[in-house]
Structures are given as structure tokens and as C-alpha cells.
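Visitor: Hi! Could you walk me through this structure? I'd like to start with the empty spaces inside.
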Amino acid sequence: MSVRIDKSTVFYEEASAYAGVKKAVKLVKKDMELVFGSYPNVYCKEENKKDFSVIIYGTVGKSEILEQLDKAGKIDLKAIQGKWEVYLFSILENPLEGIEKAIVIAGSDKRGTIYGLFHLSELLGVSPLVNWNHVWPKQKTSVEFSSRDSLISKVPSVKYRGFFINDEWPAFGTWAKTHFGGMNTKCYEKIFELLLRLKGNYLWPAMWDSNFNLDGPGLENARLADEYGIVMSTSHHEPCMRSGQEYSMVRGVDSVYGDAWDFRKNPEGITRFWRDGLLRNREFENVITMGMRGENDTPLLDGISLKENVELLRKIIKTQNDLIKETVNPNLDEVPRQIVLFTEVEEFFYGNEDVPGLLGEPELDGVTLMLSDNNAGATRTLPSEAMRNHRGGYGMYYHLDMHGGPHSFQWIGSAYLPKIWEQMTMAYEYGVREIWVVNVGDVATQEYGLSYFLDLAYDMETYGKAGCKGTVEYTKRWIDRQFMSIYSEKDREMLKQIFMEYTGLLAKRKHELMNESVYHPVHFGEADEIFECSEWILNACNELKAKCPKEILPAFISLVYYPACGTANLMKMWILAGKNKLYAKQNRVEANRIADEIAECFRIDTALTEEYHQIGDGMFDGFGLSEHIGFTNWNEEDNKYPTRRYIYPANHPRMILCRKTDEDYVIGSPWVDALLTRIDNPQIWNDALRPDVKEIVFEIACASRVPITYQIECDCPWMTFSKMQGVTKETETIVLTIQREKLKGRVSGTFKVKNVGFGESTITIEAENLPEQVEHNVFLERNHYISMEAVHFAKKEDTKKGGFEILEPYGRTGSAIKAFPVTTDFLKEQEKPWVEYFFEASETGTYKIRFYMSATTPVVYERKQYIGFAVNEEALQIVNTIYHEEEQFFLSEQWKQEANDNIKLLECRVTCRKGKNRLRFFAVSPAIVLEKIVLYPEGIPLLDSYLGPKESYRT
């Protein structure tokens, strides 16, 4: 059994169909016109044509044709009847007289039908971003369907799934005003289409300087949303379907609403304000926000106690429930409601030892409790086992965009899929399944992360069970959906790598938080690693851009080129700024060239935004306007662009000699070089004590107006150099190769670098080969540290209650481990899962041990999140990763630092013995994700770095 869809295909239409379904049908017809070159006609029985297919669609209870097919046994409507947003997609032969072949799309409800229609578009090769990003599909003459394509869709994993347009000025607001004259129905129709194509159903509208219910004009936005089946709500501080701006528009001394947004001083006016909002929007499908905050998203009332705030909120919620019964439905169980436990409202909900909070409040029975993340993508306070039976369930307010503390990130979407997977699957396991809403700011440049977030919410079974590795496969499929028609498999693999690399950069550090001091310019090569990655992204994007057909260029620019190149160019700029500062300090001539390169990065940043705004006749004009460089506070106020430093070179030939990974240098003057010497003398290079080091890269840099003439002298038989002499006006990079086959045990050798006629420096190289017989899986201490990636454990032991699993890709260095199941707290368990590492210490004594963990937060409303570890035969140490138990973690200095750095650091002291040691890391509290462990002798500080030392050699 097969059905061919082509330009002759027609639609069987019924007047009884929902208006929103009819709108979706028009969109699908336009999709088919893009694919087949012809807009489909409506089925006409009188024509009685042969050899054409019919698309029959409808909703249970709203379609006579579906009932007719059901009675004839052609389809089974009972399989979808009464279910939430389910559709039947069936391939039929001879379904009705005069129709030989048909595709039948039957929805259990309005949205089910719409999802089924868009499913047809996707099967034809049409991307959900077809109209939002102009991802035009490949043209075809026909598409063949068989009975294998018949299906009944699943009930969505999460009931309400959507996004929040927030922080919308200057970007989204400018775009809306430029293209539509404002945030009216023409603007929101684009948003509703995008949301439905991504299988979402729920929206918090823009609210900074706009009003969804007035800008339609009037209620037209709300009416259009209801037609499409979009469930509308309002954000955390906008109760009873009224926007945050509305009260300022109607308040006044003589206003019936009073002149104080204060329920103690003005209960009658505020109550009337809420009643009128509920009356205005009651005919539409809504989730009503409850509770109250101060104006402009500020705390409820400052200057009163926690107890007074809680009691005031009890009165407010009681009043709102009474209003809902009065105006919307006397049966509250039939009215979806939510309260968002965001910022200080969380404290009001949980209370403290002295003041009971709203937890268990009868007026919240049946209300969805909306939890939130830490403003930076890590969920906080998930439902305990005792809380999971709450009637009304739980939701999650998540951030892919943030305007607020600890830092704002609003420019280019910085979604890192592995982190979204790790956090949101955990929330789901804790019972957060009623509402998922994600703050996407201006929407544009968030398409990749938003697609994944909504797909995960719609189908947890498919996308949630695949693990971190599943995000790589998802990225591949997502790219195929957008660009399979224009790029080869090899090019799409490059596209996938671009996405993994640029979002990986943002998993390390957000755009706005970058500055010249984040990555050390030379230590551990971390700056070079970021620079090289950024250069690769820029080159790869330009290579693919050159191959992109003109008609698909808007899609490529908006989905790939602008976000990836914008990110890479910004990272490159700040790495150059760090090197410029260091080289200027050393008085290298190279500092001046790098200063000019920073200026070029400024130019490219502007050019990328201009191109983004102009492509496709300005279809994205406005979306790139957010400030994004050098935030010094939580927001752009007083942000600082890179400082460019120019040096005046010395008159006589001056040489700067240093390893590429060391900021210390010598200049070839014995008495000056002696002053430059520190405890680990830069003239003694220990790199080759690592058995895997075969090359040492060093630089001979010019610090003078005239070039320097250098000469290398060495009679050590196991050293060779890429160049032995030369002249440089700037910097010469030399590769010293260690011929390990000539080494016996631990040896030392020297070489000289002459600044001909002006001095020389002698460098000592220490090298060592390991014995042939050596124990495996032991990390070796070299250069005063041992660094171990968490995934490289020697052994692990699970318990009946759970165990560690590898997360890859993940985090700042690409991998991590986490204990599963995520809902298990092992603190009180006799047996705890562990992983085991072996390392060799140089000396017996006290070492500091530093744990690098993902910046997660406690899953309960407590200042406690424990890890456990033990060295050798020492007893298990259980340590709280929250430094100050007396203060609330959220909004603390630790929270700010961890959210900014995307890492949680904990440092302790341990005693190690010379030679082999064992370290065990134990699962204790949930949500701990371990990325790296570093040990170093007390008294010898680690070199400064952002990512930490490179992993040590492991036998």
C-alpha cells in the first residue's frame, strides 16, 4: 500500500474544522508549494479524477469525514480519543468512493491535528524553521508514502511546553517594530507558527515595554493565540493575565485601581485590577499566574519580615483563587494555574526553621509549582519524594537568555545541549512534568537550543534516554533537517563540528563574561587552544558560506554563520587582548601587531551584525543589537572593550626567550636573567620529564627597533631544533625535539641561545623515560601537580542503589561523571558508589586536592551538597561543597562565581606518600557532576589558569 504526494495532491476540507487548523493547513499548502512548485487545490468530488491523492484531516468531534472513516473501519478514532495532543497519521487506499488513495490526519484535539499536519510537512523535507529562518526545502517531483509511515503519535512527555520572549529590547522589539509596526498579530503569528512547528503549545509573551493583550490591537493577539491553540500565560511576576506594564498605565490617585502596587495599602484596587484581567481573558485557554511581586520584577515588599511576607502571600493567593472561581470557573480544578518560585519567592515557599512557608498551603492545591534554574542553566530545588504527590504537579522555568544576576547573556544563543540534557532530564526524573518554559530572550539565534529543549519536552523517551552522546546525534539530525538539500555529507559533518565547537566555547565561558584575564595567555596552552578553535570555526564557516546557494544564505547566516562566527571572533579578540597585555609587559614588538588584530576583530564584529541585519532583505534586522562585550557588572552598564597596548621598542637588539607556555622569560643578560629567576627557574625546562612529551616549543622574540640575529648551539645528542639560526623582526617559534630513543633514565642537557653580539642564555632540559616495567593506570606528578580527568578512573564500583556513569561530551573540558539514578541521595546509605584513581606523588607530605565540578546547585532547599573522598587507607571524608552554610546559596557570592565560571571548585588538604597513592571519589548528594581532580604540594601554588592544568601523564 502506497500513496504518492505531488503537485496534483488535493485537500479534503470541511467547514467544521477549527479556525486554527485551517490556518495550519494553509501553511502546509505553502510548504507543498515550496516542495512541488504548485499550491494544492481543494478536493472536488464532481471532478472524479483518477491517479491523484487526497489529504484528509480533522479533529475528533469536529469532523464528519473522520467519523465516516471510523464507522467504515478504515481508521480507529478510539485509539486517540480523549488523549492530549495526539494525532493519527494513516496511509489508506480507497477510503471513500471516488478517492483511490489518501493520507488521513486525525487529531485528538486542535493541537493534535496541527501537529499531524506539520508532521506531513516534515516528511516532505520541510524544516520547522522554514518561514522563521527561510530554510527552503529541496524541490521534488513527488514523495512516496507507504503503510510503514502510518502511526499514532505519543502523548507529549510534558503537558505544557513553550518559551518566554524576554529582555526583548533592543533586539526583538526593534525587529517587531521594523517589520510589523510593533508586537501585534502580524508579529505574533510568526511566533505562534514557530512554536507549533516545534511542537510547543505554551507562551509567555514579551513584556518589557509591550502588552500582549493590548497590542493586537486590543485583544487580537489573545484571540489569534486561542485560534492556533496556543496556551497563553504570563511570567513569574504578572498575575491574573495582566502584563507587568499594565498597572503603570492605569494607576492614579483617582483611578479605580488605586495608586499603589501594594496589597496591604491598596487591596481593593489591586483586586479589581486582577478581576478585570481575568474577565478580559477568560474565554481563552490560559494558565493563570498567581502570587505577586514588586513592580518591575522586584521583591514583594522590602522592610518586612519573612513571616509577614508569607502571610501576605497567603492572603493574595486566597484572593486570586476566589477571583478565578468568580470570573472564570467555580471549579478551580478545571482552571490551570501556576505560581513561579523564582528568586525570593522560593524562600517564601519553603520558609525556614522559625517560619513555615507556603509548602502545603491549601490554596496552592491543584496549582502547578513552577521551579526555576539558577539563572544560568542549573536547576535548583527539585521536588523531594514527599513533595512529588502535589496536586497540580511541577514546572520548570529555565534560561537560555538572562537579563539579571549573576550576569546577563542576551546576544547570541549560548545553549549547550549536553548541559540542557543533564539538567532537564534530572528535573523530569524528579517529577517536573507539567510545564517547561524556557527564556529565549529575542528568539533569534536561539533556534538550535530551543529546538532541542522543546523536542526533549515533547519526547523524553527518545531524546532523554540517549544520554550526552545523544546530543551529538541530535545535532547531526538537526543540521540534516536544515541543510541536507545543499551540503554534502562531509560538509554537514563539518557543520556538526562547528556547532559542537562554538557551543563548547560557551560552555566554558559566556560571551558577555569574557575579558583579557579569563584565559591565561600562555599557561597550559589554554589561550592557544581557544584561539585555534576560534580560528577553525571562522575558517570552516567561511568555507561553507562560499558553497551556500544565494537563496538559502539567510538560513545559513542566521543559523550558523552569525552565531558561530560572532562567538569565535569575540573569543579570538579577548585571547588576543590577553596576549597583547602580556607581550606589552615583556616589551615584545609583536604586541603592536596583536593590538592591530584586536581592532580588526572589532571591525569583524560590526560587519557580522550588519550582514545579519541586511541578509534576506533585512529579515533579521534588529536581532543583533544586544551589547555583548566586556561586562563588568551583571549588565552592560559600564562594560569595557579590550584595551589595546602599543610598545616603543628598545634601540639596541633585545631578545625575549621563553617557552610558549610560560610567561617568564630571559633576555640573554646574566645579571638581569638572575633577577628574573624564580623557584622553578625558567632556564630549567622540565617538560620532557613527562614520558609523552617529545617536543618543547619556545619563542625568540624581538623587543627592539632593529631585528635580532639569533644562533642556537647544542652538542646534546638527544636534542634537535627546527631552526638553529636566523633573524627576526618579531617572533621566531622554535620546536625542540626530544629523541627519546637516545635517552637512558633521567638525564639533563643544555643548549645556548645567542643574541649575536649582545648576550646569550643557557637553557637546561631535563628529560626522563619510564622503565619498561611500569604499573598501568597511574597518573604521574610532574611540574608540581597531578591532574586527572574524572572519566579516566581506574576502577568503579556500583551499589544496588546506583553508580557512576560517564557524560561525554560535557562541561568545560569535554567530559564528566555523575551518579545515577539522579533521584538517589547516598548520604545516609551504608554503601556508596565510588570511582578509583591511582597517582604517584613525588614526596611524602600534605597536598591540596581540588575538585572541578559542574556548577550545579542543591536539589533541595538546603545549604548542603556533599561529596565524599578518601586517600589511601584514610577514612572517608564527606565535605559540603557549599562554603557558607549560614547564608542562602542562591544570590550568594559562591553562586555568582560558579555561575560566571561554569564550574564549582572545592579545595581540601590530604596526606600523600611518596610513590603510588589511591584516591576514591564517592557519590553522596545528588546533582554532583565531577569533571576534573587536581592535586599539588602545599606551598607550591598552581600556575594561574581558567581551565586548570592539562591532564597529567597516565601510565
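Guide: Happy to. Keep in mind that this is a predicted model. Let's begin with the second largest cavity, whose lining divides into five nonpolar, six polar and four charged residues.

Visitor: Which helices supply at least two residues each to that lining?

Guide: Helix 7 (246–250) and helix 8 (267–281) do.

Visitor: And what volume does the second largest cavity have?

Guide: The volume is about 110 Å³. Of the 15 residues that line this second largest cavity, His 237, Ser 243, Gly 244, Tyr 247 and Trp 261 are the closest to its centre.

Visitor: How many cavities of 30 Å³ or more does a search of the whole structure find?

Guide: The search turns up 15 of them. In the largest cavity there is about 240 Å³ of space.

Visitor: Which residues lie nearest the centre of the largest one?

Guide: Those are Ala 376, Tyr 416, Lys 419, Lys 510 and Asn 902, out of 21 lining residues. By class, the lining of the largest cavity has 11 nonpolar, six polar and four charged residues. Strand 16 (394–399), helix 11 (417–429) and helix 15 (489–508) each give at least two residues to the lining of the largest cavity.

Visitor: Back to helix 8 for a second. At what angle do the axes of helix 8 and helix 9 cross?

Guide: They cross at roughly 40°, and the axes of helix 8 and helix 9 (residues 306–327) come within 10 Å. The crossing of these two helices is right-handed.

Visitor: Which residues meet there, in helix 8 and helix 9?

Guide: From helix 8, you have Thr 271, Trp 274, Arg 275, Leu 278 and Leu 279; they meet Ile 316, Thr 319, Gln 320, Leu 323, Ile 324, Glu 326 and Thr 327 of helix 9. The residues of this contact between helix 8 and helix 9 divide into six nonpolar, four polar and two charged.

Visitor: Nice. Let's switch to sheets. In what order do the strands of the four-strand open sheet come?

Guide: The order is 18-20-24-22, and the pairing is antiparallel. Strand 18 (655–659) and strand 22 (719–721) are at the edges with a single partner strand each, so one side of each has no neighbour in the sheet. On average, neighbouring strands of this sheet are turned by 25° against each other, direction ignored.

Visitor: How many bridges join strand 22 to strand 24?

Guide: Three, and strand 22 and strand 24 (residues 731–738) run antiparallel. For an example to look at, Phe 721 has Leu 736 in strand 24 as its bridge partner.

Visitor: There's a five-strand sheet too, I gather. What is the order of its strands?

Guide: That open sheet goes 19-26-25-21-23, with mixed pairing. Its edge strands, strand 19 and strand 23 (725–728), each pair on one side only.

Visitor: Mixed, you say. Is the pairing of strand 19 and strand 26 parallel or antiparallel?

Guide: Parallel: strand 19 (residues 684–685) and strand 26 (residues 760–768) pair over two bridges. Ile 684 has Thr 764 in strand 26 as its bridge partner. Strand 25 (residues 746–755) and strand 26, in contrast, run antiparallel and are joined by nine bridges. One of the partners there is Ser 761 in strand 26, bridged to Val 753.

Visitor: Which residue takes a positive phi in the hairpin of strand 25 and strand 26?

Guide: That's Gly 757, with a phi near 90°; the hairpin has four residues between the strands. On to strand 21 (residues 708–713), which pairs with strand 25 in the antiparallel sense over four bridges. Tyr 710 stands opposite Asn 755 in strand 25.

Visitor: Last topic: odd backbone spots. Which residue has a positive phi although it is not a glycine?

Guide: Asn 587, at about 65°. You'll find Asn 587 in the loop between helix 17 (553–586) and helix 18 (590–618). Most residues other than glycine have a negative phi, and most peptide bonds are trans.

Visitor: Speaking of peptide bonds, what kind joins Gly 405 and Pro 406?

Guide: A cis one, with omega about 0°. Pro 406 sits in the loop between strand 16 and helix 11. Another cis peptide bond joins Glu 808 and Pro 809, again with omega about 0°. Look for Pro 809 in the loop between strand 30 (803–807) and strand 31 (816–820).

Visitor: Great, thanks for the tour!

Notes
Residues are numbered from 1 along each chain as its sequence is written. This is a predicted model: local features need pLDDT of at least 70, side-chain atom pairs count only at pLDDT 80 or more; totals for chains, interfaces and linings use all residues. Side-chain values use heavy atoms; hydrogens and water are left out. On a 1 Å grid over the protein atoms alone, a cavity is a set of points where a 1.4 Å probe fits but cannot get out, and a pocket is an open set with protein on both sides within 12 Å along at least five of seven lines; lining residues have an atom within 4 Å of a point. Grid points are joined across faces, edges and corners, and a volume is the space filled by probe spheres set on the points. Ala, Val, Leu, Ile, Met, Phe, Trp, Tyr, Cys and Pro count as nonpolar, Asp, Glu, Lys and Arg as charged, and the others, Gly among them, as polar. Two strands pair if DSSP finds at least two bridges between them. Axes are lines fitted to C-alpha atoms, for helices over the stretch in contact, and angles run from 0 to 180 degrees between N-to-C directions. A crossing is left-handed if the near helix is turned anticlockwise from the far one by less than a right angle, and right-handed if clockwise. Contact means heavy atoms within 4.5 Å.
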